[in-house]
Amino acid sequence: MGALPVFLNVLAEHQVVLERPRPSGSEPGTRAPLPVPNPTKSFWIDSPGANPLAKEGSTGPLTADADIAIIGSGITGVSAAYHLSRILDKVGNTAKPLKIVILEARDFCSGATGRNGGHLTANAFQEFAAYADRFGTDDAKRALALEARTVAEILKIVKDAGKETALDLVAGGRTHLLFTEPEIEEAKRDFEAAKEAGVDLDAVEFLTKEQEYGASYPGVRTPGYNIWPLKLVTHLYTAARAVGANSSTSSLTLHMHTPVTAIAPSASDSSPRKWNLTTPRGPLAASIVLHATNAYASHLLPHLAGPAGIVPTRGQIIATRAAVPLSTLTRSAFTGNEGFEYWFPRPLSSGRPEENPLVILGGGRESEKPGFELYNADDGSVSPKVGEALRKFLPAVFPGRYVAGAEPELEWSGIMGYTKTGDPFVGPVIDPANSTSDAYKGQYVSAGYTGHGMPRAFSCAEAVAQLIIADIQGRDWTPPEWLPLHHLTKNRLEE
């Protein structure tokens with residue numbers, strides 16, 4: 001068992017850096033920029049035919065008026081549109097159909113969702129003890145329930161539509177490798193704490209390093225899935241648009257390459273719309289604005305800049321070819337090193353069982369410590385240090401199953417949105433410096449998933465959609481039992 005090419009046990013150091021205030025006037029500034037115009041090519045986005053909505057609505061007239069403007073076309077923004085359309089279809093709309101517009105700075109779904117690792121797996125128990133200590137056992141259980149519920153709902157949507165093959169859904173499970181003794185001890189502690197709290201852990205299996213799966217490390221096996229994220233989001237958009245059109249309760253429009261550069265209250269008190277959105281293509285008036293911009297949220301919401309808000313953080317991924325067939329590699333997805341690294345084998349493109357699969361591997365940010373790629377919002381380039389670590393990682397963990405020194409078939413980066421608690425901000429936009437003001441009334445946010453958005457964003461977007469419709473209809477809203485109360489913006493004011 002040789003030395004691994006990444007730093008181990010550095011999550012605590014990463015947390016210190018994440019929580020450290022940024023120096024005044026530091027470069028780059030803490031407020032997030034707009035996405036760079038020429039991002040690296042991602043396997044998910046740039047494979048032929050993968051993104052039919054890439055330029056949708058980027059030319060021609062811009063929608064000038066909307067009931068709801070959603071900024072961001074990733075998993076959060078499109079899921080919100082999906083849920084809004086379904087809620088309106090269910091409760092009905094006695095007035096005219098609500099006009100929903102999704103605005104995106106670049107191509108459709110070209111942010112973190114189109115650049116991630118392709119994992120769709122709920123956390124079974126990891127970090128349960130620390131979460132319970134900080135936010136209480138009930139919220140710790142809600143955090144697990146949120147992820148389990150999100151995965152179950154997405155699976156139901158995909159299977160009900162018969163889209164398993166089209167969206168590359170793979171039920172291979174996940175193996176979390178424990179490289180060091182502190183990781184082993186923490187896993188056991190979290191497992192026992194979750195078990196004592198009544199969490200169902202029957203599907204969890206602890207593996208010893210003697211068990212044969214290609215690596216000489218103990219691990220934890222849990223149920224898990226992988227999916228083509230962009231294709232999932234494209235399906236959700238198509239479904240949302242169809243529901244609204246069929247029920248005549250909502251209409252949904254996309255405008256790609258339409259970055260929102262500013263939001264201001266309407267100049268006239270007599271205007272039927274509260275907010276004016278500025279874009280290079282012209283203005284758009286909206287009654288409600290949803291910020292589904294994740295790492296870029298502070299560009300329009302300055303109070304979310306810095307460690308008290310959402311920190312842009314660059315992740316890096318390679319697509320590399322294994323040296324053995326899938327029958328040897330297995331379909332399991334993997335994570336390791338406190339979650340810094342994550343990888344899984346893609347389904348075989350040819351259907352030939354002897355084909356060596358393409359493996360999607362992300363991580364390596366430890367190589368850039370002490371900065372860890374925090375405050376780096378440039379997905380138009382990659383880090384050579386991170387790239388070197390990724391190239392060496394799998395041959396070191398799985399000797400003989402990957403070729404040392406082999407170049408990846410593709411390498412790209414993407415920008416995640418990190419928060420110091422690891423949790424997203426969900427709910428009405430509230431500036432902690434003026435929390436009693438109505439300065440942001442009618443604006444909402446769901447962002448800051450800390451590299452763990454796939455098993456959370458869909459349901460967080462549903463919570464926000466419920467809240468928006470309740471506010472429109474003048475009804476009270478009760479948080480669903482699966483949503484951690486700590487996620488709500490009104491409960492984040494002390495951070």
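A residue counts as buried when its relative accessible area is under 20%.

**Figure 1. Overall burial and dimensions of the protein chain in the predicted model.** By that cut-off, 57% of the 495 residues of the protein chain are buried. The radius of gyration is 22 Å, which agrees with the value near 23 Å for a compact globule of 495 residues. Along the principal axes, the C-alpha atoms fill a box of roughly 70 × 50 × 45 Å.

**Figure 2. Secondary structure and contacts of the protein chain.** The chain holds 10 helices and 18 strands. Of the contacts between residues at least 6 apart in sequence, 79% join residues at least 24 apart.

**Figure 3. Surface and charges of the protein chain.** About 20,100 Å² of the protein chain is exposed, and 52% of this area comes from carbon and sulfur atoms. The chain carries 46 positive and 54 negative charges, and the mean positions of the two sets lie 5 Å apart.

**Figure 4. Close-up of C109 and C460.** The structure contains 0 disulfides. C109 takes part in none, and the nearest cysteine sulfur to its own, that of C460, is 17 Å away. Seen from C460, the closest cysteine sulfur is that of C109, and the 17 Å between them is too far for a bond. A disulfide requires the two sulfur atoms to be within 2.5 Å, so the 17 Å separation of C460 and C109 rules out a bond between them. Both cysteines fall under the 20% cut-off for burial: C109 has a relative accessible area of 1%, and C460 has 0%.

**Figure 5. Close-up of S85 in helix α3.** Helix α3 spans residues 75-91 and includes S85. S85 counts as buried because its relative accessibility is 2%, under the 20% cut-off. With neighbours within four places in sequence left aside, the residues in contact with S85 are A240, V243, G244, T249 and S250.

**Figure 6. Close-up of K195 in helix α6.** Helix α6 covers residues 181-196, and K195 belongs to this helix. The relative accessibility of K195 is 51%; the cut-off for an exposed residue is over 50%, so K195 counts as exposed. K195 and F125 are 70 residues apart along the chain, and their C-alpha atoms are separated by 8.6 Å.

Notes
Residues are numbered from 1 along each chain as its sequence is written. This is a predicted model: local features need pLDDT of at least 70, side-chain atom pairs count only at pLDDT 80 or more; totals for chains, interfaces and linings use all residues. Side-chain values use heavy atoms; hydrogens and water are left out. Buried means under 20% relative accessible area, exposed over 50%, partly exposed in between (1.4 Å probe, protein chains only). Helices (H or I, at least four residues) and strands (E, at least two) are DSSP runs, numbered from the N terminus. Contact means heavy atoms within 4.5 Å. The radius of gyration is taken over C-alpha atoms; the globule rule is 2.2 Å times the number of residues to the power 0.38. Accessible areas come from the Shrake-Rupley method with a 1.4 Å probe; for residues, only the protein chains shown count as cover. Lys and Arg count as positive and Asp and Glu as negative; His and the chain ends are not counted. The place of a charge is taken as NZ of Lys, CZ of Arg, CG of Asp or CD of Glu.
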